Amino acid sequence: MFHGFIPHIMGTRFDILIIHSDFTLLNRIWAVIINEIEHLDKILNRFDPKSEVSRLNSLKSQSPIPISTELEEILQLCQYYYERTFHLFDITMKDFSLIKFGNRHIFLPVLGPTLDFGGFAKGYALKKIKRLIEQKDVNHAFVNFGNSSILGMGHHPYGDSWKVSFLNPYNQSLLNEFDLENTTLSTSGNTIHYTGHIMNPLTGLFNEQRKASSIISADPLEAEILSTVWMIANKEQQQLLTENFKDIQATLYDL
């Protein structure tokens, strides 16, 4: 069992357990994963003044600004999920349609929105990490971004899955327990010390309710996006979302 960790990346801690008999292979995989996470952090971390997104947010202009190929692909994904979630997922938290991009350029109006990938980046990273591990023919791994975005591949050496508990942040009681086997768990919600941080882009209002959500999905990116969306979607919107995302397990908890 190989354990690798990064104390602070993408605004949280990153841990990974990989099960394989070839320790040299595990070290190579870990090196590739570190490079990938650090690469994505330099693109998407808006709190890092040297990141690509931070640079774009500070360079709002009447003229198109050059962007990397990967950021353009990320924006295309964000546009897809913006439409598929009925505009509840919005990296601008205002109106995604205000930004224009294409041919490796983006137009961010001077008085327009800024880009925030907080509800996207960890899921995107998990999806890429999953692909990297699969390409190395490794079947069993556990990947954890700050206990809120968790990927379980295969199973624990002494079990038939990876067991994960989801606790109430207000009193530490057990909300749910999950058996992850080739699937992802993403959770979102308010806590005692961190509340009112999830905004509904359609209303401009922050959710301050004592609630939490969990999403189980084979797709790490969809789990990440939908765990935040579920916090702000009303019952009618949730029903529509389950029609668009048929293979998810979504739960909203009263805390």
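Hi everyone, let's start with the sheet: 7 strands form an open sheet with antiparallel pairing, in the order 1-2-6-7-10-13-14. Before I go on, please keep in mind that this is a predicted model.

So which strands sit at the edges of this sheet? They are strand 1, residues 2–9, and strand 14, residues 249–254, and each of them pairs on one side only. Across the sheet, if we ignore direction, neighbouring strands are turned against each other by 10 degrees on average.

Now let's look at what packs on the sheet. Helix 1, which covers residues 23–44, does so by touching strand 1, strand 2 (12–19) and strand 6 (140–145). The direction of helix 1 makes about 15 degrees with that of strand 1.

Over at strand 14, the partner is strand 13, residues 211–217. These two run antiparallel and are joined by 6 bridges. If you'd like a pair to find on your screen, try Lys211, which stands opposite Asp254 in strand 14.

Let's move on to a pocket, the second largest one. It holds about 180 Å³ of space. There are 15 residues lining this pocket, and the closest to its centre are Asn207, Gln209, Met231, Ile232 and Ala233.

Which elements each supply at least two residues of that lining? Strand 12 (205–207), helix 5 (220–232) and helix 6 (235–244) do. And what is the lining made of, by residue class? We have 7 nonpolar residues, 6 polar ones and 2 charged ones.

That's my tour, thanks for listening!

Notes:
Residues are numbered from 1 along each chain as its sequence is written. This is a predicted model: local features need pLDDT of at least 70, side-chain atom pairs count only at pLDDT 80 or more; totals for chains, interfaces and linings use all residues. Side-chain values use heavy atoms; hydrogens and water are left out. On a 1 Å grid over the protein atoms alone, a cavity is a set of points where a 1.4 Å probe fits but cannot get out, and a pocket is an open set with protein on both sides within 12 Å along at least five of seven lines; lining residues have an atom within 4 Å of a point. Grid points are joined across faces, edges and corners, and a volume is the space filled by probe spheres set on the points. Helices (H or I, at least four residues) and strands (E, at least two) are DSSP runs, numbered from the N terminus. Ala, Val, Leu, Ile, Met, Phe, Trp, Tyr, Cys and Pro count as nonpolar, Asp, Glu, Lys and Arg as charged, and the others, Gly among them, as polar. Two strands pair if DSSP finds at least two bridges between them. Axes are lines fitted to C-alpha atoms, for helices over the stretch in contact, and angles run from 0 to 180 degrees between N-to-C directions. Contact means heavy atoms within 4.5 Å.
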